[in-house]
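Subject: Structure for you to look at

Hello,

As agreed, I am handing over the structure, with my notes on it underneath. Please read them with the model open.

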Amino acid sequence: GPGGGVLARVYQRGELVEEIRLDRVQEPYSFPLTGEGGAENVVEVEPGRIRIVSATCPDQVCVRQGWISDSTVPVVCLPNQVTLELYTTEELIQMLSGT
């Protein structure tokens, strides 16, 4: 669709820690993000979509958000300071061209 995300950026405590081209993902995979005080978020990646599958945060808001596949709403884990943001092809082209 027009809002389909192709680039995922994973931020932890305001820093970019992973950049994933979702349109190039062949096989699903997951990876943990470990933070301070035993905080952990497990990020799951599939072709065209991304989510936080488990987290140590008390509210579990980020887990309940489920999969995102477009750039409208990021997944945010406030307690562990983790954010998943998606960008569309158009946004990616603008970033690369620096306009």
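I begin with a turn. The hairpin of S3 and S4 has five residues between the strands, and Gly37 in that hairpin takes a positive phi near 65°. Please keep in mind throughout that this is a predicted model.

The sheet around that hairpin

S3, S4 and S5 make up an open sheet in the order S3-S4-S5, with antiparallel pairing. Its edge strands are S3 (29-34) and S5 (49-55), each of which pairs on one side only. From one strand to the next, the twist averages 25°.

S3 and S4 (residues 40-46) are paired over six bridges in the antiparallel sense. If you want a place to check the register, Thr34 stands opposite Glu40 in S4. S4 is also joined to S5 by six bridges, and these two strands run antiparallel. Here Val45 stands opposite Ile50 in S5. As for exposure, S4 is mostly covered, with five of its seven residues buried.

The hairpin of S4 and S5 has two residues between the strands, and there Gly48 takes a positive phi near 85°.

The four-stranded sheet and helix H2

There is also an open sheet of four strands, paired antiparallel in the order S2-S1-S7-S6. S2 (15-21) and S6 stand at its edges with a single partner strand each, so one side of each has no neighbour in the sheet. Neighbouring strands in this sheet are turned by 20° against each other on average, direction ignored.

S1 (residues 5-12) and S2 run antiparallel and are joined by six bridges. In this pairing, Tyr11 stands opposite Leu16 in S2. Helix H2 (residues 89-97) packs on the sheet and touches S1, S2 and S7, and its direction makes about 95° with that of S7.

Leu92 is a residue of helix H2. Is Leu92 buried or exposed? Its relative accessibility is 10%, so Leu92 counts as buried, the cut-off being under 20%. Leaving out residues up to four places away in sequence, Leu92 touches Val6, Leu7 and Arg21. Leu92 and Val6 are 86 residues apart in sequence, while their C-alpha atoms are 8.0 Å apart in space.

Two loop residues with positive phi

Arg13 is not a glycine, yet it has a positive phi of about 50°. Arg13 is in the loop between S1 and S2, and at 38% relative accessibility it counts as partly exposed.

Gln81 is not a glycine either, and its phi is positive at about 55°. Gln81 sits in the loop between S6 and S7, and it counts as partly exposed with a relative accessibility of 45%.

Asn80

Asn80 is found in the loop between S6 (75-77) and S7 (82-88). Asn80 has a relative accessible area of 11%, and it is therefore buried. Which residues does Asn80 touch, not counting those up to four places away in sequence? They are Ala39, Glu40, Asn41, Thr56 and Cys57. With one of these, Asn41, Asn80 makes a polar contact from side chain to side chain at 2.7 Å. If you look at side-chain placement, this pair is on my list of places to view.

Rings and charges

How many aromatic pairs does the structure hold? The count is one. Two arginines also lie over ring faces. Arg9 lies over the face of Tyr87, at 5.4 Å from the ring centre. Arg49 lies over the face of Trp67, at 3.9 Å from the ring centre.

That is the end of my notes.

Regards

Key
Residues are numbered from 1 along each chain as its sequence is written. This is a predicted model: local features need pLDDT of at least 70, side-chain atom pairs count only at pLDDT 80 or more; totals for chains, interfaces and linings use all residues. Side-chain values use heavy atoms; hydrogens and water are left out. Buried means under 20% relative accessible area, exposed over 50%, partly exposed in between (1.4 Å probe, protein chains only). A polar contact is a pair of N or O atoms within 3.5 Å; within protein, one must be able to donate a hydrogen and the other to accept it, and residues adjacent in sequence count only if both atoms are side-chain atoms. Contact means heavy atoms within 4.5 Å. Rings of Phe, Tyr and Trp (its six-membered ring) pair if their centres lie within 6.5 Å; planes under 30 degrees apart count as stacked, over 60 as edge-to-face and the rest as tilted. A charge sits over a ring if NZ of Lys or CZ of Arg is within 6 Å of the ring centre and within 35 degrees of the ring normal. Two strands pair if DSSP finds at least two bridges between them. Axes are lines fitted to C-alpha atoms, for helices over the stretch in contact, and angles run from 0 to 180 degrees between N-to-C directions.
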